[in-house]
Amino acid sequence: MAEKDHLEEHLEKFVENIRQLGIIVSDFQPSSQAGLNQKLNFIVTGLQDIDKCRQQLHDITVPLEVFEYIDQGRNPQLYTKECLERALAKNEQVKGKIDTMKKFKSLLIQELSKVFPEDMAKYRSIRGEDHPPS
Amino acid sequence: MKITNARHLGSVAEGMMENFTALFGAQADPPPPPTALGFGPGKPPPPPPPPPGGGPGTAPPPTAATAPPGTDKSGAGCGPFYLMRELPGSTELTGSTNLITHYNLEQAYNKFCGKKVKEKLSNFLPDLPGMIDLPGSHDNSSLRSLIEKPPILSSSFNPITGTMLAGFRLHTGPLPEQCRLMHIQPPKKKNKHKHKQSRTQDPVPPETPSDSDHKKKKKKKEEDPERKRKKKEKKKKKNRHSPDHPGMGSSQASSSSSLR
């Protein structure tokens, strides 16, 4: 967490530096040359600091799909939201399948027991507790 | 008419018997030819069906059991029931459990799916200057292009020397119109922190008419009391629902927490 805060701090400083550079350049005066040179060197040191942070965060993985959202100018939290919604929907779908299969199994055993009572009794004795009598 | 109906019935019965033999293997007798039933010549009797390789479980006579029941793992042909195998081990975690609760993601779910998440990138990064809501393909700033064609870099970042800085001697005066647009930010609805920087950031050149400034000031004045009311309501709601996130610093807190 601390490394991420560190990186965020460096990035914010870097962006602010670039922004100020843009302001200087937008209406340049000869007296601003020193400031401009300083800002340019801050760019280099800023990039050095960001590069140092990179090594501490090498184990963090980011899904590529998030980049699609960012490239479209959309909030990346929408990706997280959609992932959670999809996970829940799939969870519900699978639960429905499991419940349906369980009901089918119990109905099937019930009906087969009516038609083949001896065989089903043998089957149940083999399965033991796995197949409680319906 | 009677003969044709009888023939139809005969063929139907024949089809049903074929299905029966397919279900229960080769042990069933082949169907009797229609002639034997007195329906007329009809079709020749079909050959007995081959024993099904992957057929469903059948009920062979109990004497066919050669191995103790329930111990057969390979499946085919042994045990009292055809293809009967041991059940797979039951796992505790299946789709029947609520996985969001299981992995303690309820708070995350409520945070992202309970509230309305704003669409734009500038809502996620409110302090970032520039027009960030534009697609990356417009100004060639997409992350995808960075991944597909990574820039060729040197091993280290070297400071710019004095002779190199000579190349950065600029002409005095304002920028041409084309370049000025890069500094303009989209109007922000939320002004939680009064950005003095944002005021200095918009270098309003003297060429722009003064009427637009008055209109902007008037709009700001009109919207301010409404904004304040809305902000207060939002703060109250946030303080009620999420005491961990205070209202004032929520934009920064949310941006930092999302990066975590």
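Buried area is the accessible area, found with a 1.4 Å probe, that two parts lose on being put together, summed over both. In this predicted model, the area buried between chain B and chain A is about 5000 Å². Carbon and sulfur atoms give 65% of that area.

Chain A is the natural place to begin. Its secondary structure consists of five helices and one strand, and from the N terminus on these elements follow the order α-β-α-α-α-α. The chain has 134 residues, of which 31% count as buried. Its accessible surface comes to about 8700 Å², and 60% of this surface belongs to carbon and sulfur atoms. Among the contacts in chain A with a separation of 6 or more, 42% are made by residues 24 or more positions apart.

Helix α1 of chain A spans residues 2-26 and holds A:His10. This histidine has a relative accessible area of 18%, and because the limit for a buried residue is under 20%, A:His10 counts as buried. Once its neighbours within four places in sequence are left aside, A:His10 is in contact with A:Asp49, A:Ile50 and A:Cys53.

Helix α2 of chain A, residues 33-56, contains A:Gln33. A:Gln33 is buried as well, at 16% relative accessibility. Residues up to four places away in sequence not being counted, A:Gln33 touches A:Phe28 in chain A, and it touches B:Phe168, B:Arg169 and B:Leu170 in chain B.

Helix α3 of chain A covers residues 64-71, and its buried residues are A:Val66, A:Tyr69 and A:Asp71. Their cover includes elements of both chains: α4 of chain A, residues 77-115, together with α5 of chain B, residues 143-148. Just after α3 of chain A, A:Gly73 takes a positive phi of about 75 degrees.

Helix α4 of chain A is also the place of A:Asn91. With a relative accessibility of 9%, A:Asn91 counts as buried. Apart from residues up to four places away in sequence, A:Asn91 touches B:Gly95, B:Thr97, B:Asn98, B:Leu99 and B:Ile100.

The contacts of A:Gln33 and A:Asn91 lead to the interface as a whole. There, 62 residues of chain B are in contact with 52 residues of chain A. The count of salt bridges between the two chains is two. In a salt bridge between B:Glu119 and A:Arg74, the side chains meet at 2.8 Å, N to O. Polar contacts across the interface join 17 residue pairs, with both residues at pLDDT 80 or more.

On the side of chain B that touches chain A, the elements giving two or more residues are α2 (99-102), α3 (106-114), α4 (121-124), α5, β1 (173-174), α8 (196-201) and α10 (250-259) of chain B. The largest share of this side, five residues, comes from α10 of chain B. By class, the side of chain B that touches chain A has 33 nonpolar, 20 polar and nine charged residues.

Definitions and conventions:
Residues numbered from 1 in each chain as written. Chains lettered and ligands numbered in written order. Predicted model: local features only at pLDDT ≥ 70, side-chain atom pairs only at ≥ 80, totals over all residues. Heavy atoms only, no water. Helix = DSSP H or I, 4+ residues; strand = E, 2+ residues; numbered from the N terminus. Buried < 20%, exposed > 50% of the residue type's maximum accessible area, 1.4 Å probe, protein only. Contact = heavy atoms within 4.5 Å. Areas by Shrake-Rupley, 256 points an atom, 1.4 Å probe, with all protein chains shown as cover. Salt bridge = Lys/Arg side-chain N within 4 Å of Asp/Glu carboxyl O. Polar contact = N/O pair within 3.5 Å; in protein donor to acceptor, adjacent residues only side chain to side chain. Nonpolar A, V, L, I, M, F, W, Y, C, P; charged D, E, K, R; others polar.
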